[in-house]
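Trainee: I have the sequence and the structure open. Can we go through them step by step?

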Amino acid sequence: MNPDVIFIVITAVVVLLAVIMMAQPIWLALAIAGGLGLILLDGPQITMNVVGAAGYTNTARYALVVIPMFVLMGALASKAGLAVDLFAIAQRLTRWIPGGLGVATILACGGFSAVTGSTSATVATIGHISVEQMTRRGYRANAAAALVALGATLGVLIPPSILMVIFAILTGQSVGRLLLAGLVPGLLTMVFYMVAVVFFYKRGFFEPKTVKEKALFDSYSTALESAIPEDKALVRAAAPTGTFTAVGSNGRSGRPMTASIAVLEDRITVQNWVGSGFVAILFLIVIGGMYTGIFTSTEAGAVAAAVAVIILLIRLSRKGARATFIALKDSFIDTASVSSMIFALLFGGAIFAFFLLKTGLPNAVAESIIDANLPPLLVIIISLVMLMILGALLDEISILLIVIPLLWPVMEGMGVDGIWYGVLAMKATAIGLIAPPVGINVFVAAGISKHVSAERIYQAILPFFIVELIVIAVLIMFPAISTFVPDLMLGP
Amino acid sequence: MWWFSRWITLPLGVAGGIVVFALMVLTVTDVVMRKAAGQGIPGVIEYSEVLLVVGVFFAIAAAQVRGFHVATTGFVSNLPRTARRIVELIGAVLGVLVVATMAYVAVVTAWTSFENGEYRMGIAHVLVWPARAAVAVGFVLYLVEYIHGAVLHFQRPEDEPDTELELAERGVLL
């Protein structure tokens, strides 16, 4: 590469990091760094043309319609209160297992991920229900919050994962194939998590250890005892009543976004079964529709979102037209805001990626690594470690937008299967969601748990990193785990 | 809440959501027609693309107001107060300049598209300027909200806009 071009690349990367560190939106940092690089390479006029066209050309792509469809489905499912039913059923089904409540949390996280595709939303929604339930049953508060943060990472693999869609778009892989590929690894990860919960539970990992934790459990026990009627029927009085608040102007004024949550502990209702059935229906529409070839991924997302609208209307019909209207309005603005956030990142990422492409850096990196004759497995492992480290510093979409344009030509040049690598990359990126210093799931879990800080959740989540590494090792050793479902359905 | 956000930015965000809803209806109708009658809506891809752009850019400023755009304060939060404010000021000035440039370019591009009657090639000849206009509107509103947020931040640092992590710490659903 030309030394001038190398200097420009270094300058752009320094600017990117500097603007991110200045607490500016990351999409803007990507656009600034990419734009500056293009000005230095080709002058301001061409840069203006690229920036002027990028907003429309990078958004107006039919393949991207799937993103707001999945986001809409998730927003509607959240507002319909399906998480409460899912958790109630999971809790009932796992009550015979040691650490059953922890296992139920993992199951509910996996199930809810399957209709939201968002890890943060899963932590917030399931966490509001399960963390206090676990704490009252004698789990350490930080370990309970850690379980929710961990369980929500399943959303990165279990369809409909929005990260998977973005990876597919960045690498030119089939969206439907990648989404299907995440299914078995997602379920496998869930099984590993559940086994780990039982293992750690038996070893007393979740028991209160400090004086403060024991005092907290005692206070819950006292409150619970006073609330339980003689016939030990329902425990309603001590059930958590949580509301999620949205941020108003500049994050200052909050307002209720969802209905309050009240969980029955000792029996499950018909509504719980119906709610869980709705989750299953949405999941089947997305996965079944793509698997059978009835729908493309975009169509599956749209049909599932339409069904989610009907579910919301059914669920809120008793609460009246006003409550339904507010839930729909909130779903719409949540959908539009989340979609805009994702597309803004795609816009900034596209400018940065275009700049990198113009420099020829991705090809140069790919050629030099391929010429070095390094074993592909070693290169894959190095790239996964890199994704894990970056995942601890930046959000997942930003990482993909910055790193994948550089990594993918290398993998493609070495003949690595894109579907398999996509699953591995997603799994590595998911670890970043729970890794310090900025594991977003941990921060969301800390936000919903009144009694623990993010630092203490990090302490509790540490042993589960071993589980994550074991899962990645299994996925590396047996690529068919990732590829056999899409191969079975769509052909090799 | 600032009147501009309350009456312009956030309602436009809701409108963006309604456009996404319309996109869903269009896609589902196309699927149903194709399965039932063997033929879908002509030009559904072209219309979908235009709707997608409108939906996304109508809400880009609302996402800023609601704190959805990802940023990290990991570095600046560890700086001394004065150094933090200087670094943030440099970032904000840079951000305003770049977003203003983007807004200007988007407005010019939208106007040119309107004047030329630009349309999307495909089965249906769908006019593109409404989408380009939505991009321009989105960036202009984003610029206004960005400047407002920055000014507010430097006037009253305690009211600074929240980053994603700060929202998460407060238990806000992201």
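Trainee: How much area does chain A expose, and what share of it do carbon and sulfur atoms supply?

Mentor: Keep in mind that this is a predicted model. Chain A exposes about 17,600 Å². The share of that area supplied by carbon and sulfur atoms is 68%.

Trainee: What percentage of the residues of chain A count as buried?

Mentor: Chain A has 22 helices and 2 strands. It runs to 492 residues. The part that counts as buried is 64%.

Trainee: Is A:Ser337 buried or exposed?

Mentor: Start with its place: helix H15 of chain A, residues 321–359. The relative accessible area of A:Ser337 is 0%. The cut-off for burial is under 20%. A:Ser337 is therefore buried.

Trainee: Which residues of chain B does A:Ser337 touch?

Mentor: Contact here means heavy atoms within 4.5 Å. By that test, A:Ser337 touches B:Ala59, B:Ala62, B:Ala63, B:Arg66 and B:Phe68.

Trainee: Why are H2(A) and H4(B) described as roughly perpendicular?

Mentor: Helix H2 of chain A spans residues 26–42, and helix H4 of chain B spans residues 81–116. Their axes come within 11 Å and cross at roughly 75°. Angles of 65 to 115 degrees count as roughly perpendicular. H2(A) and H4(B) are therefore roughly perpendicular to each other.

Trainee: How many residues of the contact of H2(A) with H4(B) are nonpolar?

Mentor: From H2(A) come A:Trp27, A:Leu28, A:Ala31 and A:Ile32. They meet B:Leu94, B:Gly95, B:Val98, B:Val99 and B:Met102 in H4(B). In this contact no residue is charged and 1 is polar. The nonpolar residues number 8.

Definitions and conventions: Residues numbered from 1 in each chain as written. Chains lettered and ligands numbered in written order. Predicted model: local features only at pLDDT ≥ 70, side-chain atom pairs only at ≥ 80, totals over all residues. Heavy atoms only, no water. Axes fitted to C-alpha atoms, helices over the stretch in contact; angles between N-to-C directions. Helix = DSSP H or I, 4+ residues; strand = E, 2+ residues; numbered from the N terminus. Parallel < 35°, antiparallel > 145°, perpendicular 65-115°, else oblique. Nonpolar A, V, L, I, M, F, W, Y, C, P; charged D, E, K, R; others polar. Buried < 20%, exposed > 50% of the residue type's maximum accessible area, 1.4 Å probe, protein only. Areas by Shrake-Rupley, 256 points an atom, 1.4 Å probe, with all protein chains shown as cover. Lists of a residue's contacts leave out its neighbours within four places in sequence.
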